[in-house]
Amino acid sequence: MPGLGPGGTSRAERGHVLAVHEGGALGVRRGDASALHRGGTPDVRRGGTARARRDEMSAVRWDEMPDAGRGDVSAGQRDGVPRVGRDDVTAGQRGGASRVGRGDVSAGQRGGVPRVGRGGASGEGRGQGAGVGPGEVPGARPGGASGAGAGKGQAGARWLFGRPLPRWMAEAVAVPAAAQLAVTPVLVLMAGQLTPVALVANLLVAPAVAPATLLGFGAALVAPLWPDAAQLLVIPAGYAVGWIIMVGRWSVGLPFATLPWPAGLPGLGLLLVTVIVAVPVLRRRAWRAVALTVVVAALVAILVVRPVVGPWPPKGWLMVMCDVGQGDGLVVAAGPGRGVVVDAGPDPVVMDRCLRRVGVEDVPLLVLTHPHADHVDGLPGVLRGRRVGAVVVSPHRIHEGSGARVWATLARHHVPEWTVPPGTRWRFGPSELTVLAPDLARGEMSGQSEGSTINNSSVVLHVRWRAGSILLGGDLETEAQDELLHRFPVRADLLKTPHHGSNRQSPAFLASLGARAALISVGAGNDYGHPAMSTLALLRGLGLAVHRTDQSGDLAVVEREEGGLAVVSRGP
């Protein structure tokens with residue numbers, strides 16, 4: 001019979017068979033439901049079809065099956081000859097024989113013999129689909145359906161963004177995203193913060209979690225019976241754990257690793273409102289593009305423009321006052337990669353990030369001026385991945401609350417504690433530190449409030465550099481300031497304003513210093529009214545320039561090229 005179609009398929013007149021394979025029979029794999037006539041030709045009777053269920057047509061060889069169109073194919077019958085419906089495929093019936101164009105099929109004709117695409121099925125009666133084209137069974141694979149995790153991830157992405165994620169991406173993101181969604185409300189209630197970096201960190205550590213867990217568990221089981229084998233198991237487990245630790249340390253130092261958020265029920269309500277607003281924005285393509293543009297512009301401004309405008313920390317920095325919120329956390333230069341830390345602020349994560357920004361990896365000396373939470377609760381952040389040589393503490397010890405946590409943490413890390421008398425001096429790199437107070441012989445000094453006794457027992461330091469000096473006054477209040485003035489008068493170019501600029505300041509003491517600038521570590525919108533308006537007026541009246549962390553972010557003390565000291569701000 002004359003050939004028809006690009007693949008050379010035999011043309012059949014009405015009443016004849018549509019196509020035959022070389023050898024006179026149409027090859028079909030075992031398990032397919034196509035009925036074959038005993039004579040070797042397809043059995044096509046009025047009302048009959050080559051029937052195959054969807055699951056039974058999952059694998060067909062290139063040279064074995066009749067072709068099916070990209071769309072649905074009506075496998076009807078006219079005078080015993082199967083035909084292709086006019087509306088269902090590109091190439092219809094001509095001359096009494098059916099033909100399907102090469103470009104119109106889900107799995108095209110190869111070698112002159114048509115086939116049915118994977119996942120297709122022969123239709124039954126007019127209007128039934130003979131095959132399923134590409135894209136009609138997304139993600140399907142031989143012998144099974146997509147995994148539940150990927151299916152949920154794709155469904156969620158389709159609902160949120162209007163299109164499914166690629167399968168590999170859906171499988172990777174589904175579990176970390178679900179975990180982040182579950183814990184975020186808890187973090188808001190308990191800690192008052194968001195951790196957008198957690199999703200990325202969890203994706204990176206996911207390959208190492210299973211080896212670390214299984215090998216570690218196996219080592220624990222084997223160790224009592226065969227210690228040498230347990231040691232061999234621990235080695236690869238250690239590498240997996242090391243990767244997890246490295247990712248954790250890296251991710252916590254990223255910009256926006258943690259975002260401050262209102263704590264408690266107000267924060268939870270604000271989170272709900274944010275989600276309600278964000279979902280419609282992300283579901284609309286135009287709004288999504290605008291939101292993405294704004295986010296990218298903000299990231300460029302923070303990550304690219306700011307470093308170009310001014311790198312941080314400034315070259316040759318001598319001291320950095322970290323913006324730790326309502327508290328104190330300072331770093332005094334002690335050589336390359338080293339710094340003396342004076343107080344640790346209230347938050348370990350914030351303190352750790354500040355030390356990472358300035359490149360401090362070794363702390364030869366840590367000074368905790370007094371055991372109040374806003375000065376010591378960030379201690380674990382200082383100890384995170386750093387060697388701490390020794391800790392100077394106030395002689396006034398408390399054995400509950402923050403004080404108890406400090407002593408327990410230091411004992412756990414085997415860091416020696418010192419209480420030192422006035423006049424004790426150290427030299428680290430460009431910095432010379434001298435202890436001025438408290439004087440153990442004079443005992444405790446009370447004040448107006450319950451915390452005044454602890455505040456007045458703060459360790460006071462005088463730090464001197466080649467270009468000038470600064471007085472670090474802890475949380476000294478009026479009584480201790482006057483006592484220090486009469487016992488140990490001192491001069492300083494800069495002042496770390498005592499007690500976050502509270503109204504408990506001695507005008508005589510501040511005037512005696514001769515300082516030119518005052519640095520105030522304070523949290524924005526704090527409940528204590530710090531810094532007090534009276535203190536700001538007093539400082540300005542004495543001619544001191546005032547620099548505040550709540551307005552300027554981190555503050556750095558540097559040496560001027562022409563001599564003297566200057567204060568540089570990082571920006572909020």
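Cys 354 is buried, at 1% relative accessibility. This residue belongs to a predicted model, and its role as a disulfide partner opens the report.

**The disulfide**

A search of the whole structure finds one disulfide. Cys 354 forms this bond with Cys 322, and the two sulfur atoms are 1.9 Å apart. The two cysteines come from separate elements: Cys 322 lies in the loop between strand E9 (317–321) and strand E10 (329–333), whereas Cys 354 lies in helix H7 (residues 348–357), so the pair ties together parts that are 32 residues apart in sequence. The torsion about the S-S bond is about -75°, and the disulfide is therefore left-handed. Cys 322 is buried as well, with a relative accessible area of 0%.

**Backbone features**

Two peptide bonds that precede a proline are cis, as listed below.

| Cis peptide bond | Omega | Location of the proline |
|---|---|---|
| Ala 437 to Pro 438 | near 5° | loop between strand E18 (431–437) and helix H11 (452–455) |
| His 530 to Pro 531 | about -10° | loop between strand E22 (517–520) and helix H14 (533–541) |

Positive phi values outside glycine deserve separate mention. Asp 343 has a positive phi of about 70° although it is not a glycine. Asp 343 is part of strand E11 (residues 339–344). Is Asp 343 buried or exposed? With 1% relative accessibility, Asp 343 counts as buried.

His 414, also not a glycine, has a positive phi near 55°. The setting of His 414 is the loop between helix H10 (402–412) and strand E16 (417–418). His 414 is exposed, with a relative accessible area of 72%.

**Helix H10 and its surroundings**

The positive phi of His 414 comes just after H10. Within that helix, the buried residues are Ser 402, Gly 403, Val 406, Trp 407, Thr 409 and Leu 410. Viewed down the axis of H10, these buried residues fall within an arc of 165°, so they line one face of the helix. The exposed residues Ala 411 and Arg 412 are carried on the face of H10 turned away from its buried side. What covers the buried residues of H10? The cover includes strand E13 (366–368), helix H8 (373–376), helix H9 (379–383), strand E15 (391–393) and E16. E16 also bounds the loop that holds His 414.

**Helix H3 and the annotated transmembrane regions**

An unreviewed UniProt entry lists residues 203–226, 233–252, 264–282 and 289–309 under "transmembrane region". In the model, the span of residues 203–226 is 83% helix and 0% strand, and its end C-alpha atoms lie 35 Å apart. For residues 264–282, the span is 100% helix and 0% strand, with the end C-alpha atoms 27 Å apart.

Helix H3 (residues 197–222) has 26 residues. From its first C-alpha to its last, H3 reaches 37 Å, close to the 38 Å expected at 1.5 Å a residue. Where in H3 does a kink lie? A kink of about 50° lies at Ala 206, shortly before the proline Pro 207. Buried residues of H3 include Val 205 and Ala 208. Others among them are Val 197, Ala 198, Ala 201, Ala 212, Gly 218 and Ala 219.

Terms used: Residues numbered from 1 in each chain as written. Predicted model: local features only at pLDDT ≥ 70, side-chain atom pairs only at ≥ 80, totals over all residues. Heavy atoms only, no water. Helix = DSSP H or I, 4+ residues; strand = E, 2+ residues; numbered from the N terminus. Buried < 20%, exposed > 50% of the residue type's maximum accessible area, 1.4 Å probe, protein only. Disulfide = S-S within 2.5 Å. UniProt positions renumbered as here; feature names shortened; annotations may be inferred. Expected span 1.5 Å × (residues − 1). Bend = angle between axes of the 7 residues up to and from the residue. Arc of directions from axis to C-beta. Contact = heavy atoms within 4.5 Å.
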